[in-house]
Amino acid sequence: MAAQQIQSAVVDIESSGVVVTRDAARLDEVRLADTQAVIVTPGGRSDWEFGLAAAVERGAFRIPRKVLSIRHAEEAAHVLEAGLSSDGIDFETRVALVDDIADLAARLERLSRRAGIMLRIFTEAPTELCGFHLDTVGPRLPPFGLLKIYNGEGTRYVLAADVTAMSAFYAYLGRREGLSAKWRAACVAGQAMEAERWRGEMCALDRSLPFLRQGSVVRQVPAGAIVAFRHLDVREHWSAHPVGRAWLHCSPMSGVPRLVVNLTPLGGGAARPD
Ligand SMILES: [Fe+2]
């Protein structure tokens, strides 16, 4: 198959399981059957968001990968105040960011109808380590999560209707993970030629995306959007479940450092970072 085309999200795909809207009240619609994601696009950017993006992109504001357990959304602001660096951003920006993430925590509790949030947060430049995948939650947890990328390139995704079969997707995923592991091992061992060989195979696989129907496109979440998306119960991972059971997505693989915030119901599990 030829290299996949990347398109921005558009509203005419609502019937295919992805809702794109300006209305944050619609995030709960991710609970509806056959809905994989609700993408709430921002109306505009505030001054604090411009300041935050600039601080992240020049490396002044950095957050090493961390996982924060929040028992109730009301505690989110307190946990974040204690856990976030104040270097590189001014007081007002930090307060606005904490409030924004606390709002996401409250939204997740509402849509998952369950107290407790696992919050993953980090600033990092995208890498080629991870290709298309789905996120999982622990057994019997509400299969929903929220994602917000504050700056830089948005997450890519495909529509369920464009996937030929989960068996084809898992064949891709297994091969992708194997190539990524070999690439990393060769890098660690200082085997530059081997590393380049595995990386080349990995990139070719990501260009072809053999689990997609001919003519399908890869779509992209707009910068600053909030995404509510359907996860998979970890017990179903690698099984022959319906394609629409979870949102198939992928981080960009290059570009500026981004601030990534990912929230899932608290209680264990193995969700992917973004
Ligand atoms: Fe993910």
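Here are some worked exercises on how the domains, helices and strands of this predicted model fit together.

**Exercise 1. Into which domains is the protein divided, and how many residues of each are in contact with the other?**

Start with the bounds. Domain 1 covers 16-154 + 217-265, and domain 2 covers 164-211. So much for the division; now the spacing. Taken over C-alpha atoms, the centres of the two domains sit 26 Å apart.

Next, look at the contact between them. Domain 1 puts in 10 residues and domain 2 puts in 12. On the domain 1 side, those residues sort into 6 nonpolar, 3 polar and 1 charged.

**Exercise 2. In what order do the strands of the 7-stranded open sheet run, and which are the edge strands?**

Read across the sheet and you get β2-β3-β10-β7-β13-β5-β4, with mixed pairing. The edges are β2 (18-21) and β4 (66-70), each of which pairs on one side only. For the twist, ignore direction: neighbouring strands in this sheet are turned by 15° against each other on average.

**Exercise 3. Walk from β4 to β7 through the sheet: how many bridges join each pair of strands?**

Step one is β4 to β5, an antiparallel pair joined by 5 bridges. To find this pair in the viewer, pick L68, which stands opposite L119 in β5.

Step two takes you from β5 to β13, antiparallel again, over 8 bridges. Here I121 has V261 of β13 as its bridge partner.

Step three links β13 (residues 258-265) to β7 (residues 144-149), antiparallel over 4 bridges. V261 turns up here as well, standing opposite K148. V261 is therefore a handy landmark, as it faces I121 and K148.

When you follow side chains along these strands, keep one rule of thumb in mind: in a regular strand they alternate between the two faces of the sheet.

**Exercise 4. Which strands does α2 lie across, and how does α2 pack against α3?**

First the sheet side. α2 lies across β4 and β5 (117-124), running at about 150° to β4.

Now the helix side. Two numbers describe a pair of packed helices: the angle between their axes and the distance between the axes. For α2 (residues 76-83) and α3 (residues 91-112), these are about 135° and 9 Å. That angle falls outside the parallel, antiparallel and perpendicular ranges, so the pair counts as oblique. The crossing of α2 past α3 is right-handed.

Who makes the contact? From α2 come A76, A77, L80 and E81, and from α3 come V98, D99, I101, A102 and A105. Sorted by class, the contact has 7 nonpolar, no polar and 2 charged residues.

**Exercise 5. Are α1 and α3 roughly parallel or roughly perpendicular?**

Take the geometry first: α1 (residues 47-57) packs on α3 at about 100°, with the axes 9 Å apart. Anything from 65 to 115 degrees counts as roughly perpendicular, so this pair gets that label.

The contact uses W48, G51 and L52 of α1, along with E92, T93, A96 and L97 of α3. By class, that's 4 nonpolar, 2 polar and 1 charged.

**Exercise 6. How do α4 and α5 cross, and which residues make the contact?**

The axes of α4 (residues 166-188) and α5 (residues 192-208) come within 8 Å and cross at roughly 155°. Since the cut-off for roughly antiparallel is over 145 degrees, that's what these two are. α4 passes α5 in a left-handed crossing.

The α4 side of the contact is Y172, R175, R176, L179, S180, K182, W183, A186 and C187. Across from them, α5 supplies E194, A195, W198, R199, E201, M202 and L205. To finish, sort these contact residues by class: 9 are nonpolar, 1 is polar and 6 are charged.

How values were computed:
Residues are numbered from 1 along each chain as its sequence is written. This is a predicted model: local features need pLDDT of at least 70, side-chain atom pairs count only at pLDDT 80 or more; totals for chains, interfaces and linings use all residues. Domain bounds come from an automatic or database domain assignment. Two residues are in contact if their C-beta atoms, placed from the backbone, lie within 7 Å. Ala, Val, Leu, Ile, Met, Phe, Trp, Tyr, Cys and Pro count as nonpolar, Asp, Glu, Lys and Arg as charged, and the others, Gly among them, as polar. Axes are lines fitted to C-alpha atoms, for helices over the stretch in contact, and angles run from 0 to 180 degrees between N-to-C directions. Angles under 35 degrees count as roughly parallel, over 145 as roughly antiparallel, 65 to 115 as roughly perpendicular and the rest as oblique. A crossing is left-handed if the near helix is turned anticlockwise from the far one by less than a right angle, and right-handed if clockwise. Two strands pair if DSSP finds at least two bridges between them.
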